[in-house]
Amino acid sequence: MHDEPTLRDRERYKRQLMLRGFTADHQRRLGTATALVAGIGGLGGTAALYLAAAGIGRLVLVHRGNLTLSNMNRQVLMRDDGIGTSRVRQAKKTLRQFNPDVAVEVHDERITAENADRLLRGAQVALSARPNFEERRALNRACVERIIPMVEAAMNGMEGYLFNVLPRAGSCLNCVYPADDPSWEELGFPVLGAVSGMLGCMMAIEAIKLLTGFGKPLLSEMLVFNTVDMEFKKVRTPRDERCEVCGEEKPAASGRISAQEPAVR
Ligand SMILES: [Zn+2]
């Protein structure tokens, strides 16, 4: 992590610095930024890999549990000889080998209302990639209260969606999905690794845009796709003024707002 891109950084990130409109200042913002990645499976693991590739300063990875054989069709940070050991520790090892300039902090735990604030400390963006409603809702609520942008994505089989929660500017997860799907099973849905990897890459792209101000992140719009026939479309996701998490009619939480301003511009 560097305040100014060094000569080494300029070489390492040379090809992205060639992007029209992506400047050394954008690279500097990325290099001093922290992202919380909630879930490092097929989605979040891929997103973390590409955030490291792009030169993010610090990654905070949160995912409880050990690596299993059935994770290996999609979890690109993992290695076969790590089966049975801590998933977050394996992820840290891979990411540090990939880009040693990125600081990686890991937490082998689930996200809850109690620990979300602690895990989000110092983060300017969160990536929501856990395959269950409880952790996603806990993270959504904490991000809304702390005014931290959250990239939200989920998949099922060949389909998926992606949108951003930009507190006070657009809809939150609860506006879009006010109720859980009672038939949902956390590990009971099909995954083709290439689909989760593609969506993880798109999460990284949105996070980079939110952190740097480069490009135009999704706002109150959701990208939905079905890769069976490669149909991609955007649908409007208006904010619900009566949303119990982010609605204007709900009294604002006080005393927990971070001094940080989201880098959205
Ligand atoms: Zn809401």
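The largest nonpolar core, a set of buried Ala, Val, Leu, Ile, Met, Phe, Trp, Tyr and Cys residues joined through C-beta atoms within 7 Å, has 69 residues, and those with the most contacts inside it are Val37, Ala48, Leu59, Met203 and Ala207. Helix α8 (residues 193–212) contributes the most to this core, with nine residues. A residue is buried if 20 or more other C-beta atoms, placed from the backbone, lie within 10 Å of its own. The model is predicted, with local features requiring pLDDT of at least 70 and side-chain atom pairs pLDDT 80 or more, while totals for chains, interfaces and linings use all residues. Residues are numbered from 1 along each chain as its sequence is written.

**Contacts of Met203**
- Leaving aside neighbours within four places in sequence, Met203 is in contact (C-beta atoms, placed from the backbone, within 7 Å) with Leu43, Ala47, Leu127, Ala129, Val151, Ala153 and Leu162.

**Helix α3 against α8**
- Helix α3 (residues 44–54) packs on α8 at an angle of about 45°, with the axes, lines fitted to C-alpha atoms over the stretch in contact, 7 Å apart.
- The two helices, α3 and α8, are therefore oblique to each other, a term for angles from 35 to under 65 degrees or over 115 and up to 145.
- Residues of α3 including Ala47, Tyr50 and Leu51 meet a set in α8 that includes Met203, Ala204 and Ala207.

**Helix α2 against α8**
- The axes of α2 (residues 24–31) and α8 come within 9 Å and cross at roughly 105°, which makes α2 roughly perpendicular (65 to 115 degrees) to α8.
- His26, Arg29 and Leu30 of α2 make this contact with Ile208, Leu211 and Thr212 of α8.

Key. Buried ≥ 20, exposed ≤ 12 C-beta atoms within 10 Å, placed from the backbone. Helix = DSSP H or I, 4+ residues; strand = E, 2+ residues; numbered from the N terminus. Contact = placed C-beta atoms within 7 Å. Axes fitted to C-alpha atoms, helices over the stretch in contact; angles between N-to-C directions.
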